[in-house]
Amino acid sequence: MVGKKKNRNKSLGGLALMIIMLVAAALLVVCYISGYLNPAKSWLLTIFGIIYLPLFFINALLLIWALIRRYIYFIIPLVALLPSIFWVGRYYQFRKESDEEGVMKVMSYNVGHFELSPDELSQRESFDSIVRLVDQEQPDIVLFQEFCTLGGHDTASFIDENFKGYGKVYYAYDNGANSTGNVILTKFPILEKGVFDFEESANLAIYCDCEINGERIRIYNCHFQSYSISLSRMAADLRVNYEETMKNTEKKFKTGISMRPKQVDQIMEDILKSPYKSLIGGDFNDTPMSYTYNKIMRYQKDSFKEAGCGFGSTYSVLWPLLRIDYILYPTVFEAVSHRTLKENYSDHYPIVASFDYIDSHDRKDRI
C-alpha cells in the first residue's frame, strides 16, 4: 500500500511538473509571436514583450532542473528556448565592453525633464550633471527626449548658452512654467529639419538632415507614446484606492499601446519616402520584443546588438528587464562600441554608440 501511494504521488508530481513546463513554454512562445502583431488590435500581447526575460529565465531553470533530475520532460523547455537563439541578443550580449572610439559618436538620453533622478537630485543638479556628461563624452550627435528649459521659455537661447559648439533642432511645448520637448544637437551641417507632432499626444518626433562624410543622412529623434505611469505614485495610490488605481492604470496602458503603432507608422512612412538613409534614436517606450522595434528595425541595424555588451536595459527602475532606448543606424556606418552609462540623472540611462564610416564599395545600400 505504501509503495502504491508513493508511486501515485510521484505520478501526480510528474504530471504537475509537465503542466508547469507546458504553461511556461507556451507563454514564451507567445512572447515570440507578440512582436509581429499590431498591439492596437490585441493590446494584451504587449505585456508578453515586457515579461520576455523573466519567462526566458523560468524556462531555463526548468530545463536545468529537469536535466539534473533526468526527467524526459526537459524537451518541453528546450524546444521553447530554441528560438531565443535569435532573440536573446536583443537583451544581452556576451562580448566584452569595447571602449573603441569611432569617427562619429551618438548619444540618446531621455532626461525626464531633469526631475526623475533616482538619487533625488534637484532639477538644476540633474541638468548640470547632464551638461558635464555631454562635455565629457563629446558626442557628435545628441538626441534628448523630455528636455526642459528649467523655468525659461526661450529654448534656443537656453540650448546655445549650455551646449556650445552644437547646431540645434528642437520642438518644444510651452506649458506655462517652461518649454519641454525633443532636441537634436549636432556638430554636422544641418540641411533641413522637421517635426512629427503626434495627434492627441504630448509625445513627438523630430528630424534633421545632416551632411556626414559627404552623404546626406536623416536623423530622427523619437519619443513614442509612454504609459504615463509613475510606479512610486501607483504604489501609493494602490494603498488608498486599489480598484480605482487599477482601472486608471489599465486605461493608461491601453491608451499607450493603441497610440504607439500609429506613431511608428507615421515615422516609417517618412523613412520610406525619404531618399536619404536614416539614423533613428530615442525613447521608443517599447522592448525589443515589440511591434515598434520590429517595424523600425526592418531597415536598420541596432548599435547594441552589433557592438554592445552585457544587459542592454536602459530603464533604471526595472533594471535589467526594460530596454526601451535605441540607436538604430544604416549600413553607411559600422558600430564599433555601444555603452549604457549607469548615471542616475534621470529614470533612464543614457546610451552612447560610436561608429566608423563604411566605403560605398564595401556595403549594400539600405535605408
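**Notes on a cavity and a buried tyrosine**

1. Start with the residues around the largest cavity: Ser34, Leu37, Pro39, Leu45, Thr46, Gly49, Ile257, Arg260, Asp286, Met289, Ser290 and Tyr291 make up its lining. Two elements each give two or more residues to that lining, namely helix 2 (45-50) and helix 8 (242-273). Helix 2 has the largest share, with three residues. Keep in mind as you look around that this is a predicted model.

2. What mix of residue types lines the largest cavity? There are six nonpolar, four polar and two charged residues in the lining.

3. As for volume, the largest cavity comes to about 80 Å³. If you go looking for others, a search of the whole structure turns up one cavity of 30 Å³ or more.

4. Now hop over to Tyr109, which sits in strand 2 (residues 104-110). Is Tyr109 buried or exposed? Its relative accessible area is 0%, so Tyr109 counts as buried.

5. Which residues does Tyr109 touch, once you set aside its neighbours within four places in sequence? One group of its contacts is Ile130, Leu133, Leu143, Phe144 and Gln145. Tyr109 is also in contact with Glu343, Tyr345, Ser346, His348, Tyr349 and Pro350.

6. One last pair to find on screen is Tyr109 and Gly281. They are 172 residues apart in sequence, yet their C-alpha atoms are 9.3 Å apart in space.

Definitions and conventions:
Residues numbered from 1 in each chain as written. Predicted model: local features only at pLDDT ≥ 70, side-chain atom pairs only at ≥ 80, totals over all residues. Heavy atoms only, no water. 1 Å grid on protein atoms, 1.4 Å probe; cavity = no way out; pocket = protein on both sides within 12 Å on 5 of 7 lines; lining within 4 Å. Points joined across faces, edges and corners; volume = space filled by probe spheres on them. Helix = DSSP H or I, 4+ residues; strand = E, 2+ residues; numbered from the N terminus. Nonpolar A, V, L, I, M, F, W, Y, C, P; charged D, E, K, R; others polar. Buried < 20%, exposed > 50% of the residue type's maximum accessible area, 1.4 Å probe, protein only. Contact = heavy atoms within 4.5 Å.
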